[in-house]
Amino acid sequence: MKIQIALMCIFIISLFTVHQCARTDIRDIDKSKLIIDSNCIRTNWFNKRGWCCAALKGDPCWRDKAACDSKCPRPHSP
């Protein structure tokens, strides 16, 4: 009986948590606090290892971030 009550309490708390997360509006996030200083992404996927540029066609990759940053265009500032 105690286990059933405990499981029911966990279920109710989980429902409340999911409800609160669903109410969060992504538009409330302040865009001025979001800073993206590079289009280079660290990857280790199949034959692509290192830093890949998401802004260039074909996602070219380099071994180090400095080389990627020198070739990859910077993201636009808002």
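**Figure 1. Cysteine 52 and its partner, cysteine 61, in the predicted model.** Cysteine 52 has a relative accessible area of 7% and is therefore buried, since buried means under 20%. Its disulfide partner is cysteine 61, and the two sulfur atoms are 1.7 Å apart. Cysteine 61, at 29% relative accessibility, counts as partly exposed, so that this link joins a buried residue to a partly exposed one. The torsion about the S-S bond of cysteine 52 and cysteine 61 is 90°, and the link is right-handed.

**Figure 2. The disulfide between cysteine 53 and cysteine 72.** The sulfur atoms of cysteine 53 and cysteine 72 lie 1.9 Å apart in this disulfide, which is right-handed, with 65° about the S-S bond. Cysteine 53 belongs to strand β2, which covers residues 48-53, whereas cysteine 72 is found in the segment after α2, so the bond ties together parts of the chain that are 19 residues apart in sequence. Both ends of the link are buried, cysteine 53 as well as cysteine 72.

**Figure 3. The disulfide between cysteine 40 and cysteine 68.** In this view a disulfide joins cysteine 40 to cysteine 68, with an S to S distance of 2.1 Å. The pair links distant parts of the chain, for cysteine 40 lies in strand β1 (residues 40-45) and cysteine 68 in helix α2 (residues 65-71), 28 residues apart. The torsion about the S-S bond of cysteine 40 and cysteine 68 is about -105°, and the disulfide is therefore left-handed. Cysteine 40 and cysteine 68 are both buried.

**Figure 4. The pairing pattern of the disulfides, with a view of cysteine 9.** A disulfide is a covalent bond between the sulfur atoms of two cysteines. The structure holds 3 disulfides, and when the bonded cysteines of the protein chain are numbered in sequence order, their pairing reads 1-5, 2-4, 3-6. Cysteine 9, which is also shown here, has a relative accessibility of 42% and therefore counts as partly exposed.

**Figure 5. Lysine 65 and the ring of tryptophan 51.** Lysine 65 lies over the face of tryptophan 51, at a distance of 5.6 Å from the ring centre. As for contacts between one aromatic ring and another, a search of the whole structure finds 0 aromatic pairs.

Notes. Residues are numbered from 1 along each chain as its sequence is written. This is a predicted model: local features need pLDDT of at least 70, side-chain atom pairs count only at pLDDT 80 or more; totals for chains, interfaces and linings use all residues. Side-chain values use heavy atoms; hydrogens and water are left out. Rings of Phe, Tyr and Trp (its six-membered ring) pair if their centres lie within 6.5 Å; planes under 30 degrees apart count as stacked, over 60 as edge-to-face and the rest as tilted. A charge sits over a ring if NZ of Lys or CZ of Arg is within 6 Å of the ring centre and within 35 degrees of the ring normal. A disulfide is a pair of cysteine sulfur atoms within 2.5 Å. Helices (H or I, at least four residues) and strands (E, at least two) are DSSP runs, numbered from the N terminus. Buried means under 20% relative accessible area, exposed over 50%, partly exposed in between (1.4 Å probe, protein chains only).
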